[in-house]
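The following exercises, each with a worked solution, concern charged pairs and nonpolar cores. Please have the sequence and the coordinates open as you work through them.

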Amino acid sequence: MAETRTTAEGGMATSYGFRDVQEGEKQGLVNDVFHKVAKRYDIMNDVMSAGLHRVWKNAMVAALNPRKDPAYKVLDVAGGTGDIAFRIIEASGRLAHATVLDINGSMLAVGAERAAKKGLSDNVTFVEANAEELPFEDNSFDAYTIAFGIRNVPHIDVALKEAHRVLKRGGRLLVLEFSEVDMPLLDRFYDEWSFKAIPHFGRMITGDAEPYQYLVESIRKFPNQRDFAAMISKAGFSRVTFTNYTGGIAALHSGWKL
């Protein structure tokens, strides 16, 4: 079935939601989605998660526990609007520096505007680039974070290897992503919410349900917790673990470069 999840062996590169696409086609389609939703990205996340994304993101930053040190450097990937980066900077006492990397210029423009309003422009750098080909030297960052973005990267295995390359020894990878619900009753409710309510609300908010339909479908195609953990290990990370949030609706994956 088209709805079957991909595995640690891959498959996301040719999956645009439940549609099979040609190799190399997905990135352009995903870019179009985020150009459409950039201005309403926070609202989109509230709709997708019933507001819980804020709790999960706070838990992610708490797990990272960034050092209160101006030398501490974090790379936040697919984080164009700055949502995670700003939390990390604040958690460091406004001492850490975050590099926000996104392939989508519309998302980065929103983030830069938000950084200026928050008085954080000196603490954050915005870079337009591809997660599969990071424009940074080896061993450059203390941490690599990505929240609700890895499933939109066509070649996830390549992105994970790049994450390992740019992290310093002792650096940490944290990936927050929608995952596989492990509670039967919650699973049924979540399916109803995802496939019926979310596209409807998306149409009401933006006038276009299609981006939300893709995002819902992409969640169901993404590897489950154990398969994704296996991908992280295969990329070279050690002490790989995951923590489920809200019955597995989301999961935080952690790995270390040792």
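**Exercise 1.** Classify R87 as buried or exposed, and then describe its salt bridge with D83.

*Solution.* Begin with accessibility: R87 has a relative accessibility of 18% and therefore counts as buried, where buried means under 20% relative accessible area, exposed over 50%, and partly exposed in between, with a 1.4 Å probe and protein chains only. The model is a predicted one, in which local features need pLDDT of at least 70 and side-chain atom pairs count only at pLDDT 80 or more, whereas totals for chains, interfaces and linings use all residues. Residues are numbered from 1 along each chain as its sequence is written, and side-chain values use heavy atoms, with hydrogens and water left out.

Next, take the partner: D83, at 10% relative accessibility, is also buried. The side chains of D83 and R87 form a salt bridge with an N to O distance of 3.0 Å, the criterion being a side-chain nitrogen of Lys or Arg within 4 Å of a carboxyl oxygen of Asp or Glu. Both residues belong to helix α4, four residues apart, which is about one turn of the helix; helices (H or I, at least four residues) and strands (E, at least two) are DSSP runs numbered from the N terminus.

**Exercise 2.** Determine where E162 and R165 lie and how their side chains pair.

*Solution.* First, locate them: E162 and R165 are three residues apart in helix α6 (residues 156-166), and so about one helical turn separates them. Second, check the pairing, in which the closest N and O atoms of this salt bridge are 2.7 Å apart. Third, compare accessibility: E162 is buried at 13%, whereas R165 is partly exposed at 22%. Finally, in the wider structure, salt bridges with shared partners connect K57, D83, R87 and R114 into one network, and the whole-structure search gives 12 salt bridges.

**Exercise 3.** Identify the residues of the largest nonpolar core that touch the most other members, and the element that gives the largest share.

*Solution.* Start from the definition: a nonpolar core is a set of buried Ala, Val, Leu, Ile, Met, Phe, Trp, Tyr and Cys residues joined through side-chain atoms within 4.5 Å. The largest such core has 31 residues, of which W56, M60, V124, F148, L176 and F178 touch the most other members. Elements giving two or more residues to this core include α3 (53-64), α5 (105-118) and β7 (167-178), while α4 supplies the largest share, five residues. To finish, note a second, separate core of 28 residues, with V127, V153, I156 and F228 among them.
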